[in-house]
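Please load the model in your viewer and keep a selection tool at hand. The stops below go from one chain to the contact between chains and on to the other chain.

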Amino acid sequence: MEVSARPRVHHVRSLTESAYVLRFDRRDMVFEPGQYVSVGIRGDINMREYSIYSGTEEEDYLEILVKEVDQGRVSRQLKRLNPGDEIEVGGPFGFFMIDPEVRRNGHVIFVATGTGISPFHCFAMAYPKLDYRLLHGVRTLDERYDYDAFDPTRVTTCVSREPALAGQFAPTSVPGEAAARAGMTTTVSVQGRVTDFLRANPVDPDTRCYLCGNCDMIYESFDILKGHGVPPEQLFAEVYF
Amino acid sequence: VKYCLVPFGCQMNISDSERIRSILESLGYDRTEVEEEADILGIVACSVRQKAIDKVYTRIHKWNAWKAERPVTTFVSGCVLPADREKFVDRFDLIFTINELPQLPEMLRHHGLVTPASLRAAQSAMVGAPIGIATGTEDGTRAENGGDGLTPLPQIDPQKDYWKIKPHYSSKFEAYIPIQNGCDKFCTFCAVPYTRGREVSRPSEEILAEVHRLVETGYRSLTLLGQNVNSYGLDRNGNEVSFPELLRRIGEIGREFGRRGDGGPQFWVYFTSPHPRDMTDEVIDVIAEYECLAKQIHLPIQSGDDKLLLRMKRNHGVDKYRKTVQKIRSTIPDATLFTDIIVGFTGETVEQFENTRAAMREFRYNMAYIAMYSPRPGAASARWEDDIPHEEKRRRLHELSQELQEMSLIQNQQLVGTEQVVLVEGDDRKGGFLSGKTEGRLIVRFLSSDESLIGTFVTIRIDSAAPLSMEGTLVGVDRTAEQPRPVGINR
């Protein structure tokens with residue numbers, strides 16, 4: 001299953017000052033949406049794991065969503081790559097996947113912070129008929145990476161530090177003028193954190209919940225969802241660092 | 001010309017050392033335990049804890065100081081993190097991953113070493129003998145290849161060919177058999193995916209052949225090794241048997257020997273370490289089905305708290321683990337259960353620790369390897385603050401150790417008065433006693449100074465129990481015949 005041939009970079013697409021999408025050769029890699037790959041600069045011994053961002057239908061390429069880290073040994077170098085550069089890619093790995101039966105008949109909730117939206121982007125691309133609800137926690141509206149790729153009626157963005165939304169109280173589930181000004185006309189935006197929203201909006205205990213992002217959010221969400229009666233075996237998490 | 005090899009760490013490193021020994025000895029080097037005597041000095045490094053890596057730096061500093069007085073060649077292999085590898089480049093003469101072991105003779109030659117065997121080979125070549133790169137023999141001697149262990153080098157597949165090197169087994173009755181190398185699980189506390197790379201399964205034909213050969217030559221205890229043994233075969237995309245099927249085929253080897261009419265030889269096959277996520281009911285059913293598959297299961301839990309398991313990225317919760325233990329208890333009631341636990345993992349609250357303590361009580365382990373968390377540079381968790389004070393980690397370690405001792409004592413006491421088959425391993429620390437292990441790997445000592453018993457099965461009547469060990473009386477010696485199944489464990 002491991003792919004060791006060196007793929008070439010197609011391009012680096014900037015999303016914000018620090019976040020970008022790296023597209024590179026797929027090289028026949030067979031993966032399940034939700035899995036991740038390890039990626040590094042050619043010849044460099046440092047590799048990092050990134051969830052696959054693109055869907056399964058894109059036969060020629062894979063994409064990963066990367067947030068540049070200060071002093072990072074990989075994320076900064078990847079950003080500087082040029083089309084045609086070779087990179088090291090291993091994988092796919094991981095078990096953050098949706099059961100086929102759930103994909104067909106179930107309702108799932110995705111909870112993400114920041115670049116933790118990456119596997120959910122992949123799910124949305126790969127499973128267009130999936131019945132999901134996405135809660136995406138961001139600090140500012142520009143961190144809603146590629147939000148137009150999602151069905152806007154299924155997305156709630158929880159914004160914690162957006163000055164334009166200041167003054168609203170969490171959780172205020174309205175689109176909001178500020179959100180509209182930011183070009184977000186249909187996706188619901190709320191002031192506050194995803195955990196604030198989850199606490200105020202209990203989910204059906206039969207729901208399968210997928211959490212991806214920083215560990216603090218995952219811990220807090222785990223407790224909240226358990227408190228709502230969701231059994232631990234229906235909670236799936238991918239911790240980011 | 002002598003070599004000295006210093007292995008650190010786990011059974012996998014011991015197993016790798018056996019293969020390195022085989023290469024070096026087939027090149028004509030003699031082994032010495034005394035570093036000062038050696039011309040080649042090697043380390044099989046372990047990156048599980050910083051302390052183990054610190055020992056490597058201490059060693060190489062000392063060895064390099066010797067270079068001012070005499071020529072020595074140094075090498076390092078084993079589990080080495082990328083960051084350490086960069087630093088080792090300037091310190092060691094040779095660095096190689098274990099996958100690159102078949103190329104060690106060539107590396108030594110490039111380094112300018114004329115090996116004793118190559119000298120002999122050159123002499124032999126003058127009379128028409130083939131020259132090749134040395135490989136060892138199954139027992140580490142060079143006799144099978146006409147004295148110098150030289151065989152033509154096959155096309156090297158760096159992922160798998162090191163397994164073809166026949167190891168110089170450290171014991172005459174116990175052997176480690178690597179079945180898989182590397183790890184794809186990326187647990188946050190562990191650096192193995194970064195030191196050993198991705199999971200690669202050894203071809204099953206090689207494993208089965210090694211099992212067969214070892215049993216035939218009198219080995220009594222075989223341990224299948226891998227970082228995640230029960231994900232064996234998954235990397236081969238349908239082109240290799242699954243782990244339960246591998247066990248089944250090994251079980252059939254046991255039956256084949258059992259059918260030979262003399263009842264023996266008996267042997268026990270263990271495996272370590274499995275990952276709870278991949279521990280299927282089928283694996284447990286197969287263990288129950290075959291006599292030679294030891295009724296001892298090592299199932300690392302690491303933590304008894306669901307959230308901490310998420311943080312550790314173990315990809316299973318306590319409930320999944322519980323179901324596996326229930327399946328083991330119902331299918332193999334006499335199986336012993338071992339585990340690994342980390343205390344003081346970054347962010348572990350008192351409540352989370354108490355959940356681990358509760359899990360220990362619930363699962364009634366016979367043995368637990370409990371470690372205080374220490375960040376491993378390169379592992380993901382090293383990026384988190386190591387926020388549990390050392391003293392608190394020690395307290396948690398002590399408390400779980402107490403729990404373990406109490407549970408172990410209770411379970412060992414249940415065996416008092418029973419007769420247990422024991423594989424004798426050697427002299428006990430208690431003078432005049434030998435010690436060994438039951439099929440469930442419980443330690444038993446008994447009064448005897450008959451060293452010819454070492455490496456054989458004996459029957460011991462258990463007279464007394466202590467935490468983590470038992471004492472008994474020798475009631476039977478049976479070196480070949482089929483042994484009765486130990487009874488009473490965990491009932």
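How many helices and strands does the secondary structure of chain B come to? Colour chain B by secondary structure and there are 13 helices and 18 strands. Keep in mind that this is a predicted model.

**Chain B as a whole**

Select chain B and colour by relative accessibility. Of its 491 residues, 58% are buried. For a contact map of chain B, take the contacts between residues at least 6 apart in sequence: 74% of them join residues at least 24 apart.

**The parallel sheet of chain B**

Next, select strands E1 to E5 of chain B. These 5 strands form an open sheet with parallel pairing, and the order across the sheet is E2-E1-E3-E4-E5. At the edges are E2(B), residues 30–31, and E5(B), residues 94–95, each of which pairs on one side only.

Now zoom in on E4(B), residues 73–78. E4(B) runs parallel to E5(B), and 2 bridges join the two strands. Show Phe75(B) as sticks: the residue opposite, in E5(B), is Leu94(B).

**Arg202(B)**

Move to Arg202(B), in the loop that lies between strand E8 (200–201) and helix H7 (204–216) of chain B. Is this arginine buried or exposed? Its relative accessibility is 3%, so Arg202(B) counts as buried, the cut-off being under 20%.

Draw a distance from the side chain of Arg202(B) to the backbone oxygen of Pro178(B); the value is 3.1 Å. Then select the contacts of Arg202(B), leaving aside neighbours within four places in sequence. Pro178(B) appears again, with Ile177(B), Ile179(B) and Gln180(B) beside it in the list. The list also holds Arg19(B), Trp163(B), Ile207(B) and Tyr232(B), as well as two glutamates, Glu210(B) and Glu240(B).

**Where chain B touches chain A**

Show both chains and select the residues in contact across the interface. There are 23 residues on chain B and 23 on chain A. The size of an interface is often given as the accessible area lost when the parts come together. Here the area buried between the chains is about 2,400 Å², and carbon and sulfur atoms give 59% of that.

For the polar part, the rule finds 3 salt bridges across the interface. One of them joins the side chains of Arg73(A) and Glu86(B), at 3.5 Å from N to O. The interface also has 3 residue pairs in polar contact, counted with both residues at pLDDT 80 or more.

Now hide chain A and look at the side of chain B that touches it. Helix H3 (82–88) and helix H10 (306–311) of chain B are the elements that give two or more residues to this side. H10(B) gives the most, with 5 residues. Coloured by class, this side of chain B has 12 charged, 7 nonpolar and 4 polar residues.

**Chain A: a hairpin and a helix**

Bring chain A back and select E3(A), residues 36–41, together with E4(A). The two strands run antiparallel and are joined by 4 bridges. Val37(A) has Tyr50(A) in E4(A) as its bridge partner. Between the strands of this hairpin are 6 residues, and Gly43(A) takes a positive phi near 85°.

Last, select H3(A), residues 118–126. This helix is largely enclosed by the rest of the structure, because 8 of its 9 residues are buried. Among them are Phe120(A), His121(A), Cys122(A) and Phe123(A). To see what covers the buried residues, add strands of chain A including E4 (48–51), E5 (61–67), E7 (107–113) and E8 (131–138). E11 (208–214) and E12 (235–240) of chain A belong to that cover too.

Note on methods:
Residues numbered from 1 in each chain as written. Chains lettered and ligands numbered in written order. Predicted model: local features only at pLDDT ≥ 70, side-chain atom pairs only at ≥ 80, totals over all residues. Heavy atoms only, no water. Buried < 20%, exposed > 50% of the residue type's maximum accessible area, 1.4 Å probe, protein only. Polar contact = N/O pair within 3.5 Å; in protein donor to acceptor, adjacent residues only side chain to side chain. Contact = heavy atoms within 4.5 Å. Buried area = accessible area lost by both parts, 1.4 Å probe. Salt bridge = Lys/Arg side-chain N within 4 Å of Asp/Glu carboxyl O. Nonpolar A, V, L, I, M, F, W, Y, C, P; charged D, E, K, R; others polar. Pairing = 2+ DSSP bridges.
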